[in-house]
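Open the structure in your viewer and keep the selection tool at hand. The stops below say what to select and what is there.

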Amino acid sequence: MDQTKMRILSAAAKLFDVHGYKGTSVRQIASVAQVNSALISYHFEGKQGVLETLIASYFETLFRLLEELENGQDDIPAYQRLEQVVQLYLQFQCEHAPITRLIHRELSVESMLAREVMTLYMSRWKHGLSRVIEGGVVSGEFLPVSIDRTVLAMTSQMIYPFLQPQMVRQVYDLEPSSEEFVQWLQTSIMCYLRGFLLPA
């Protein structure tokens, strides 16, 4: 991707994070990116195209990393594979916190874009977690559980701190973008999962 496109995407990500998608104008993006507004239309066909590119790039990068992680893991126990997947998801969200927050904020609003993101990407997010849990159930390493309910509970724990960082900071006095917090959250999620996935 050329430098102009990267500057536009970077500027848009910052502005969307601060002002929201609706509160950001093409003119603001162009000003921060130091480009002519016409280039945004040329490269992305407008603000909606910028948002769609940010979302697509985020998820495609995440799923590529997940695929790389899963290659050659056949001999690793299911619980360890699950822990590695949870770590990857959490670390990725932390490293891309503004885009993570933007995406989940946009998903909370009923729109055509939200439906497309859920169909294209959140289904793959769910599948990435479900596949590991289902494999553990089938192999007998995990107790039989509802895959969908387990993934929903995990997803809630994984997303909330990055969707509501100001709440986590002000109410709980924790910093969700810190490495320590991500490690603590991973440990907490895995402890929760161990309680009902692993035989006593």
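The tour goes from the core to two helix contacts and then to the aromatic rings.

This is a predicted model, in which local features need pLDDT of at least 70 and side-chain atom pairs count only at pLDDT 80 or more, while totals for chains, interfaces and linings use all residues. Residues are numbered from 1 along each chain as its sequence is written, and side-chain values use heavy atoms, with hydrogens and water left out.

**The core**

Select Phe16, Val50, Leu54, Phe59, Leu82, Trp125 and Met158, the residues with the most contacts inside the largest nonpolar core, which has 61 residues. Such a core is a set of buried Ala, Val, Leu, Ile, Met, Phe, Trp, Tyr and Cys residues joined through side-chain atoms within 4.5 Å. Buried means under 20% relative accessible area, with a 1.4 Å probe and protein chains only. Next, select helix H5 (residues 78-95), which gives the largest share of this core, ten residues. Helices here are DSSP runs (H or I) of at least four residues, numbered from the N terminus.

Now centre on Trp125. Leaving aside neighbours within four places in sequence, Trp125 is in contact (heavy atoms within 4.5 Å) with Phe59, Leu62, Phe63, Tyr89, Gln93, Thr155, Met158 and Ile159.

**H4 against H7**

Select helix H4 (residues 47-70) and helix H7 (residues 112-139), whose axes come within 11 Å and cross at roughly 10 degrees. Axes are lines fitted to C-alpha atoms, for helices over the stretch in contact, and angles run from 0 to 180 degrees between N-to-C directions. H4 and H7 are therefore roughly parallel to each other, the word for angles under 35 degrees. Among the residues that meet are Phe59, Leu62 and Phe63 in H4 and Tyr121 and Trp125 in H7.

**H6 against H7**

Keep H7 and add helix H6 (residues 97-107): their axes come within 9 Å and cross at roughly 120 degrees. That makes H6 oblique to H7, a term for angles from 35 to 65 or from 115 to 145 degrees. His104, Glu106 and Leu107 of H6 make the contact with Ala114, Val117, Met118 and Met122 of H7.

**The rings**

Finally, select Tyr58 and Phe92. Their ring centres are 4.9 Å apart and their planes are at 65 degrees, so the pair is edge-to-face; rings pair if their centres lie within 6.5 Å, and planes over 60 degrees apart count as edge-to-face. Tyr58 lies in helix H4 and Phe92 in helix H5, 34 residues apart. Tyr58 is buried at 4% relative accessible area, and Phe92 is buried at 3%. Add Phe59, Phe63 and Tyr121 to show one aromatic cluster with Tyr58 and Phe92.

Technical notes. Buried < 20%, exposed > 50% of the residue type's maximum accessible area, 1.4 Å probe, protein only. Helix = DSSP H or I, 4+ residues; strand = E, 2+ residues; numbered from the N terminus. Phe/Tyr/Trp six-rings, centres within 6.5 Å; stacked < 30°, edge-to-face > 60°.
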